[in-house]
Amino acid sequence: MTRDKTMTADEVVGRLESGMTVGIGGWGSRRKPMALVRALLRSDVRDLTVVSYGGPDVGLLAAAGRIRKLVTAFVTLDSIPLEPHFTAARQRGAFDDLTELDEAMMMWGLTAAAQRLPFLPVRAGLGSDVLRVNPSLRTVTSPYEDGEELVAVPALRLDAALVHLNRADAHGNGQYLGPDPYFDDLFCEAADQAYVSCERIVESADLLKERGPQTLLVKRAFVAGVVEAPRGAHFTSCVPDYERDEAFQAAYARAARDPEEWRAFGERFLSGDEDAYQAAVAAFREEAA
């Protein structure tokens, strides 16, 4: 009989430890597992190596001083080009180490980890400053007649992965309904333990009611826990369930640039549990209406 893997966000974080390498799915300010990130902020877990196509997940963890090392291709809020907490962290030298990779190099690093390979060769990064700013990166020469030189992207092995999807069943099968998978499957497969939050947990047979089988992105064999978290990607988008909350994101970015405003923002939105957060957001929307 297939195992029931349902958990709470706090139970997921209870399995994480300081010093871990944690991959966070989504892309910029799109379908980020924000409920799990907020639960992580409520914990004592720190000194993390974070691997992420970064957005407010990286920003919030950086602002709280939880990131020791960051591996990323970018950190953006999409409609706001630079994540302000990340910018401030870079300016004050908050990270012990920052590895900036090309987007495709990130993908191949996760793919190598998913396939349990030490590295994969890729053309991405050649002729750019990626190799200059990452002197530890190596190149390899094709053993075939072409003799082409390629970048050897090291595997991005993860202790844990956190991703958010539109639907999942209790056994760990996860489904995306929007336009892009954002490599969430690779994050899960590259990790020793992967945790999926979702808008709604449904029966396995119901996963195909809204979309076809190609949307069944994450397989249960790679998932250790499933969390039902309605609006759990807020304030990022989770299309088609909801778009990005641009008004809230703007308020977040504005507060992030001023220490006094950020303290007030944190007290209002981040001082309680997830239910308190969602209630505060609902009140914010009513005030803005």
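F95 touches A62, I67, R68, L70, F86, A89 and R90, leaving aside residues up to four places away in sequence, where contact means heavy atoms within 4.5 Å. This is a predicted model, in which local features need pLDDT of at least 70 and side-chain atom pairs count only at pLDDT 80 or more, while totals for chains, interfaces and linings use all residues. Residues are numbered from 1 along each chain as its sequence is written, and side-chain values use heavy atoms, with hydrogens and water left out.

**F95 and helix α4**

F95 lies in the loop between α4 and β4 (97-100), and at 11% relative accessibility F95 counts as buried (under 20% relative accessible area, with exposed meaning over 50% and partly exposed in between, for a 1.4 Å probe and protein chains only). The C-alpha atoms of F95 and L70 are separated by 7.1 Å, although these residues are 25 apart along the chain.

Helix α4 spans residues 84-91, and P84, H85, F86 and A89 are buried within α4; helices (H or I, at least four residues) and strands (E, at least two) are DSSP runs, numbered from the N terminus. The cover over the buried residues of α4 includes α3 (56-63), β3 (67-75), α8 (246-256) and α9 (259-269). At the N-terminal end of α4, E83 acts as a cap, with a side-chain oxygen 2.7 Å from the backbone nitrogen of H85. Just after α4, G93 takes a positive phi of about 65°.

**Backbone features in the loops**

Most residues other than glycine have a negative phi, and most peptide bonds are trans. Against that background, the following places can be looked up in the structure.

| Place | Backbone feature | Value |
|---|---|---|
| D47 | positive phi | about 55° |
| R231 | positive phi | about 55° |
| H234 to F235 | cis peptide bond | omega near 15° |
| V239 to P240 | cis peptide bond | omega near 5° |

D47 is found in the loop between α2 (34-41) and β2 (48-54), and at 41% relative accessibility D47 counts as partly exposed. R231 lies in the loop between β11 and α8, and its 26% relative accessibility makes R231 partly exposed as well. F235 belongs to the loop between β11 (225-228) and α8, and P240 has its place in the loop between β11 and α8.

**The largest pocket**

About 310 Å³ of space lies in the largest pocket, and this pocket is lined by 20 residues, of which K69, V71, T99, P154 and L156 lie nearest its centre. On a 1 Å grid over the protein atoms alone, a pocket is an open set of points where a 1.4 Å probe fits, with protein on both sides within 12 Å along at least five of seven lines, and lining residues have an atom within 4 Å of a point. Each of β2, β3, β4 and β7 (149-154) supplies at least two residues of the lining, and the largest share, three residues, comes from β4.

**The whole protein**

The protein has 10 helices and 11 strands. Its radius of gyration is 19 Å, close to the 19 Å that the globule rule gives for 289 residues, so the protein is as compact as a globular protein of that length; the radius is taken over C-alpha atoms, and the rule is 2.2 Å times the number of residues to the power 0.38. Along its principal axes the C-alpha trace spans about 65 × 50 × 30 Å. Of the 289 residues, 54% count as buried.

Definitions and conventions: A polar contact is a pair of N or O atoms within 3.5 Å; within protein, one must be able to donate a hydrogen and the other to accept it, and residues adjacent in sequence count only if both atoms are side-chain atoms. Grid points are joined across faces, edges and corners, and a volume is the space filled by probe spheres set on the points.
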